[in-house]
Amino acid sequence: ATAEKAVTTPFITAGASPAVATTDKRASAVLVILARNREASGLRSSLKQLEQRFNHKYHYPYVILNDEPFDDLFKETVDAVVSGNVSYGLIPKEHWSYPPWIDRHKAAAGRKKLQDVLYGSSESYRHMCRFNSGFFFHHPLLAQYDYYWRVEPDVDFTCNIEYDPFVYMQERDLKYGFNIAFHETSATVTTLWETTKQFMAQHPEYVSHPNTLEWVVDKRTGDYNMCHFWSNFEIASLNLLRSERYQAYFDHLDQAGGFFYERWGDAPVHSLAAAMFLRKDEIHFFEDIGYRHSVFENCPAGLTVNLQNCDCNPKRNVNAQDHSCTPDFLRLDPRSDFNITTMKQN
Ligand code: GDP
Ligand code: MN
C-alpha cells in the first residue's frame, strides 16, 4: 500500500523511498494474453490478482489477442481492472487456419484417434497450440518488446511479487522462465521427438553447446521423456522466439503436420526449443511466484516467500512432487551438454 501511494502521490519525489527507486527501472516487456470473448470474467479474475500482487506498482502494458474481434463487454471488463495500457489485437487468418500442405482427412482421422484425450477432438485447440508455438511473437503489437509474460483466464497469482521479474531476467540475461514442469500426455506428441531429432540432424549448427537436452531425454532409450515447462505461465525472451533457429525449428515442425495430425502442444515445443537452444543458466525457475492453473500450482509459501504474503498451501506444490520434472531440471549440471547423435554427455 505504501508503494502504491509513493507512485501516485505527487508530493513524494522519485527516489524519496526505496519503493519508488525500485519502480523506476523498466524492461521493454509486455503481458501477453490469448483469450475468447466468453472468457472475460475468467480473465478479469486473473488480472485483478496479477495487478494486486504485482502490476499495480509497475504498470506494464497488456497485449490481448483473439482469432475473433473482442466485443465491448470483454474490453470494458478488462479495462476496469488493469493499471497498464491495453491493446486488443486480431490474429491474422494465416496464423489460425490450415496451411495448404495439411491433409484435412488425415487431420480428422488424427482427431478421432485422440478423442479420449483432453482436447483430442478439438480443432480450435490445435490452432491455439500452433499459434502459441509459431506465431504470437510475430504479432505487430509485440514488435517493440523484448520480454513477455504469458497470462491466461482463470489462473491465480497467490503470492505478492515484490520485485520486477522482467528486470530480473534482463539483468541476468535469462531467456526463459517457468513456474511448473511435468510430463506431457504421450499420445499427443507421438512423433514430435522423431521430428525434432530430424531437425537437429539437418541443422546441427542451431543446437547450442552446452545445452539442456539431457533434461528431456530418457537416457536408457534415447526417447523423449515427456518433461516440459508448462507454458500457460511463461516469462521469456521474444527475441529467442523470433530468432532464425527457433523459426527454422517451428517451420520444420509445421511442415511435418503434427500440430494437426497429432496434438502437439506449445508447451513441449517451447520446452524442446529451450532444451536445444539454451544453457541451464539461461533458464529460470520462478519458484517465488505463487501460481495456480486448474489442478496444479506452484506454492512457495513458507519456503521462499513469507507465508503471510501468500494465499496457497505449500503441501500442494506440484514442483515438489514425484511426477514433476522440476527437481530433475534443478539437478541438471550447468555445463551439461548432451549430444543426441552419440547419446553422450560431453
Ligand atoms: P489449457 O490451459 O491447455 O487447458 O487450455 P486453455 O483452454 O486454457 O487455452 C489456453 C489459452 O488459449 C487460454 O489463454 C485460452 O483463453 C486460449 N484459447 C484457447 N482456445 C482458444 C480459441 O479458440 N480462441 C482464442 N481466442 N483463444 C483460445
Ligand atoms: Mn489454461
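**Ligand 1, manganese and the largest pocket**

Modeller: In this predicted model, a nitrogen atom of ligand 1 sits 2.8 Å from an N or O atom in the side chain of asparagine 66.

Biologist: What makes that pair a polar contact?

Modeller: The cut-off for a pair of N or O atoms is 3.5 Å. The asparagine 66 pair, at 2.8 Å, is within 3.5 Å, so it counts as a polar contact.

Biologist: Which other side chains have an N or O atom paired with an atom of ligand 1?

Modeller: Arginine 36 does, at 3.3 Å from a nitrogen atom of the ligand. Histidine 293 does too, at 3.0 Å from an oxygen atom of the ligand. Around ligand 1 there are 15 residues, and the closest are Leu34, Glu39, Asn66, Tyr119 and Tyr125.

Biologist: How do you know which residues are donors of the manganese ion (ligand 2)?

Modeller: A donor is an N, O or S atom within 2.8 Å of the metal. Glu152 (OE) and His293 (NE2) lie 2.0 to 2.2 Å from the manganese ion, so they count as its protein donors.

Biologist: What does the pair tie together?

Modeller: Glutamate 152 is in the loop between strand 4 and strand 5 (155-157), and histidine 293 is in strand 11 (residues 291-293), so the two join parts that are 141 residues apart in sequence.

Biologist: Are glutamate 152 and histidine 293 buried or exposed?

Modeller: Both are buried.

Biologist: Which residues are closest to the centre of the largest pocket?

Modeller: The volume of that pocket is about 1100 Å³. Its lining has 45 residues, and Tyr119, Tyr125, Met128, Glu152 and His293 are the closest to its centre.

Biologist: Which element supplies the largest share of the lining?

Modeller: Helix 6 does, with 6 residues. Among the elements that each supply at least two residues are strand 1 (29-34), helix 6 (123-134) and helix 12 (266-277). By class, the lining has 21 nonpolar, 13 polar and 11 charged residues.

Biologist: Why is methionine 276 called buried?

Modeller: Methionine 276 is placed in helix 12. Buried means under 20% relative accessible area, and methionine 276 has 0%, so it is buried.

Biologist: Why does serine 324 count as buried?

Modeller: Its relative accessibility is 3%, which is under 20%, so serine 324 counts as buried. Serine 324 belongs to the loop between strand 12 (296-298) and helix 13 (326-331). Its side chain reaches the backbone nitrogen of threonine 326 at 2.9 Å.

Biologist: Why is aspartate 154 called exposed, and why is aspartate 173 called partly exposed?

Modeller: Exposed means over 50%, and partly exposed lies between that and the buried limit of 20%. Aspartate 154 has 55%, so it counts as exposed. Aspartate 173 has 48%, so it is partly exposed.

Biologist: What sign does phi have in aspartate 154 and aspartate 173?

Modeller: Phi is positive in aspartate 154, about 60°, and positive in aspartate 173, near 55°. Aspartate 154 is in the loop between strand 4 and strand 5, and aspartate 173 is in the loop between helix 7 (165-172) and strand 6 (176-178).

Biologist: What makes a positive phi worth noting?

Modeller: Most residues other than glycine have a negative phi, and most peptide bonds are trans.

Biologist: Where is there a cis peptide bond?

Modeller: It joins histidine 209 and proline 210, with omega about -5°. Proline 210 lies in the loop between helix 8 (192-202) and strand 8 (227-229).

Definitions and conventions
Residues are numbered from 1 along each chain as its sequence is written. Chains are lettered from A and ligands numbered from 1 in the order in which they are written. This is a predicted model: local features need pLDDT of at least 70, side-chain atom pairs count only at pLDDT 80 or more; totals for chains, interfaces and linings use all residues. Side-chain values use heavy atoms; hydrogens and water are left out. On a 1 Å grid over the protein atoms alone, a cavity is a set of points where a 1.4 Å probe fits but cannot get out, and a pocket is an open set with protein on both sides within 12 Å along at least five of seven lines; lining residues have an atom within 4 Å of a point. Grid points are joined across faces, edges and corners, and a volume is the space filled by probe spheres set on the points. Helices (H or I, at least four residues) and strands (E, at least two) are DSSP runs, numbered from the N terminus. Ala, Val, Leu, Ile, Met, Phe, Trp, Tyr, Cys and Pro count as nonpolar, Asp, Glu, Lys and Arg as charged, and the others, Gly among them, as polar. Donors are N, O and S atoms within 2.8 Å of the metal (3.2 Å for Na, K and Ca); water is not among the atoms, so sites may look incomplete. Buried means under 20% relative accessible area, exposed over 50%, partly exposed in between (1.4 Å probe, protein chains only). A residue is near a molecule or strand if one of its heavy atoms lies within 4 Å of it. A polar contact is a pair of N or O atoms within 3.5 Å; within protein, one must be able to donate a hydrogen and the other to accept it, and residues adjacent in sequence count only if both atoms are side-chain atoms.
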